[in-house]
Amino acid sequence: KTVTLSVIKADIGGFVGHSGVHPELLEKAKGILSGSPLLIDFHVTHVGDDINLILTHELGRNNGEIHQLAWDTFVACTEVAKKLKLYGAGQDLLGDAFSGNIKGLGPGVAEIEVVERKSEPVIVLMADKTEPGAWNLPLYRIFADPFNTIGLVIDPNMHGGFNFEVRDLIAHKKIIFSAPEDIYDMLVFIGAPGRYAIKRVFHKANGQIAASSSTQRLNLMAGRYVGKDDPVCIIRCQSGFPAVGEVLEAFARPHLVSGWMRGSHSGPLMPVSVTNSCPTRFDGPPRVVALGFQLAQGKLIGPQDMFDDPAFDRARALCNEIADYMRSLGPFEPHRLPLDEMEYTTMPLVMSKLKDRFIDLRLSKTKS
Ligand code: 13P
Ligand code: 13P
Ligand code: MG
Ligand code: MG
Ligand code: MG
């Protein structure tokens with residue numbers, strides 16, 4: 001018998017601005033999910049202004065009823081958000097109506113279907129003010145870098161390595177890379193996280209799912225600015241998979257991600273507790289929360305708020321230093337994202353205003 005863990009998230013209204021989620025929305029979501037006969041268990045939480053529904057059930061991945069339940073929950077929460085006039089009420093609900101699968105409608109989804117092992121520790125990673133490619137560097141560290149994950153070297157059950165499924169988010173293609181043999185090829189792609197994102201990781205020897213992430217790109221779906229697609233990721237731990245501490249270690253040296261203010265800036269990803277997950281400085285810096293659970297017959301034993309640990313104080317301090325430096329660049333790249341990566345831009349407007357003042361140097365060459 002298999003158990004499916006589905007993590008489905010959406011920003012359906014910020015409190016205040018883009019910083020957090022109003023408690024009434026979380027209560028509404030809990031109320032709806034607790035009435036559902038489909039679920040074995042659930043946990044409702046948030047990171048910044050994103051609501052995360054962590055669900056267990058027996059219906060498998062991409063199940064229409066589960067996705068419908070999540071959609072209906074977000075729609076009901078949107079009603080509350082509208083009543084409270086929260087910021088961007090319904091922001092991530094792009095479709096007008098649900099039609100069988102929540103993918104492509106706005107919310108982010110990560111799901112794994114497993115036969116529970118004797119002990120099944122999982123970490124649910126959830127980020128705000130960034131994009132799916134933000135997981136590329138930590139997933140590489142966790143599943144392919146022996147300087148992060150000693151298990152790749154000394155655990156016979158991990159020594160064979162992992163397969164990485166990488167998605168091209170623009171051309172809608174996927175490819176499987178095998179680590180360690182293919183890492184130089186793979187890094188050409190995953191080093192460009194705005195376009196290529198690691199969707200899933202598999203244990204190479206036994207083929208089991210090791211990690212799964214959300215790879216929606218809201219701004220591509222909508223064709224206009226709707227907020228960057230703050231991503232989630234599920235990782236299985238221990239006994240052939242990375243130890244819990246090897247997963248968390250990947251966040252000890254913060255990396256730069258795209259997102260932050262107006263989805264248009266580069267900044268450090270700060271590991272924080274749920275309580276400290278509301279980004280306020282320049283709407284950031286971007287945040288990541290890690291919730292640990294033990295699955296037991298589908299019950300979510302937990303959560304344990306993993307970054308609520310003084311051992312990550314130095315990572316947070318470094319994020320603050322990096323944030324000071326990046327902010328000092330103001331509207332200049334690489335703090336501000338390149339033109340094609342920004343979520344909104346005045347360039348066409350300014351360009352059309354100034355078009356008569358631009359002098360074409362190819363035409364004026366003879367005169368000057
Ligand atoms: P304990 O001895 O605390 O169980 O830890 C074992 C371990 O492998 C930690 O990574
Ligand atoms: P969210 O994607 O978290 O809604 O943030 C959008 C934004 O513009 C922050 O400044
Ligand atoms: Mg928002
Ligand atoms: Mg958000
Ligand atoms: Mg965002």
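How are the donor residues of the magnesium ion (ligand 4) spaced in sequence? In this predicted model, the spacing follows the pattern D-D-x77-D-x101-D.

## The site of ligand 4

The magnesium ion (ligand 4) is held at 2.0 to 2.3 Å by OD atoms of Asp-49, Asp-50, Asp-128 and Asp-230. Two of these donors join distant parts of the chain, since Asp-49 belongs to the loop between S2 and S3 while Asp-128 lies in strand S5, 79 residues apart. Asp-49 and Asp-128 are both buried.

## The site of ligand 3 and the shared aspartate

For the magnesium ion (ligand 3), the protein donors are Asp-11 (OD), His-18 (ND1) and Asp-49 (OD), at 2.0 to 2.2 Å, and their spacing in sequence reads D-x6-H-x30-D. Here too the chain is brought together from distant parts, with His-18 in the loop between S1 and H1 and Asp-49 in the loop between S2 and S3, 31 residues apart. His-18 is buried, as is Asp-49.

Asp-49 coordinates both ions, bridging the magnesium ion (ligand 3) and the magnesium ion (ligand 4) across a separation of 4.3 Å.

## The surroundings of Asp-128

Asp-128 is placed in strand S5, which covers residues 120-128. Because its relative accessibility is 0%, and buried means under 20%, Asp-128 counts as buried. In addition to its role as a donor to the magnesium ion (ligand 4), a polar atom of the Asp-128 side chain lies 3.4 Å from the backbone nitrogen of Asp-49.

Leaving aside neighbours within four places in sequence, the residues in contact with Asp-128 include Asp-49, Asp-50 and Asp-230, which are also donors to the magnesium ion (ligand 4). The contacts of Asp-128 also include His-18, a donor to the magnesium ion (ligand 3), and, among others, Val-47, Gly-48, Pro-279, Pro-286 and Arg-287.

## The sheet and helix H1

An open sheet is formed by 4 strands in the order S2-S3-S1-S4, with antiparallel pairing. Strand S2 (39-47) and strand S4 (108-114) are the edge strands, each pairing on one side only, and the twist from one strand to the next averages 15°.

Within this sheet, strand S1 (residues 3-10) and strand S3 (residues 50-57) run antiparallel and are joined by 7 bridges, with Leu-5 standing opposite Thr-56 in S3. Helix H1, made of residues 23-34, lies across S2 and S3 and runs at about 170° to S2.

Methods
Residues numbered from 1 in each chain as written. Chains lettered and ligands numbered in written order. Predicted model: local features only at pLDDT ≥ 70, side-chain atom pairs only at ≥ 80, totals over all residues. Heavy atoms only, no water. Pairing = 2+ DSSP bridges. Helix = DSSP H or I, 4+ residues; strand = E, 2+ residues; numbered from the N terminus. Axes fitted to C-alpha atoms, helices over the stretch in contact; angles between N-to-C directions. Contact = heavy atoms within 4.5 Å. Buried < 20%, exposed > 50% of the residue type's maximum accessible area, 1.4 Å probe, protein only. Polar contact = N/O pair within 3.5 Å; in protein donor to acceptor, adjacent residues only side chain to side chain. Donors = N, O, S within 2.8 Å, 3.2 Å for Na, K, Ca; no water.
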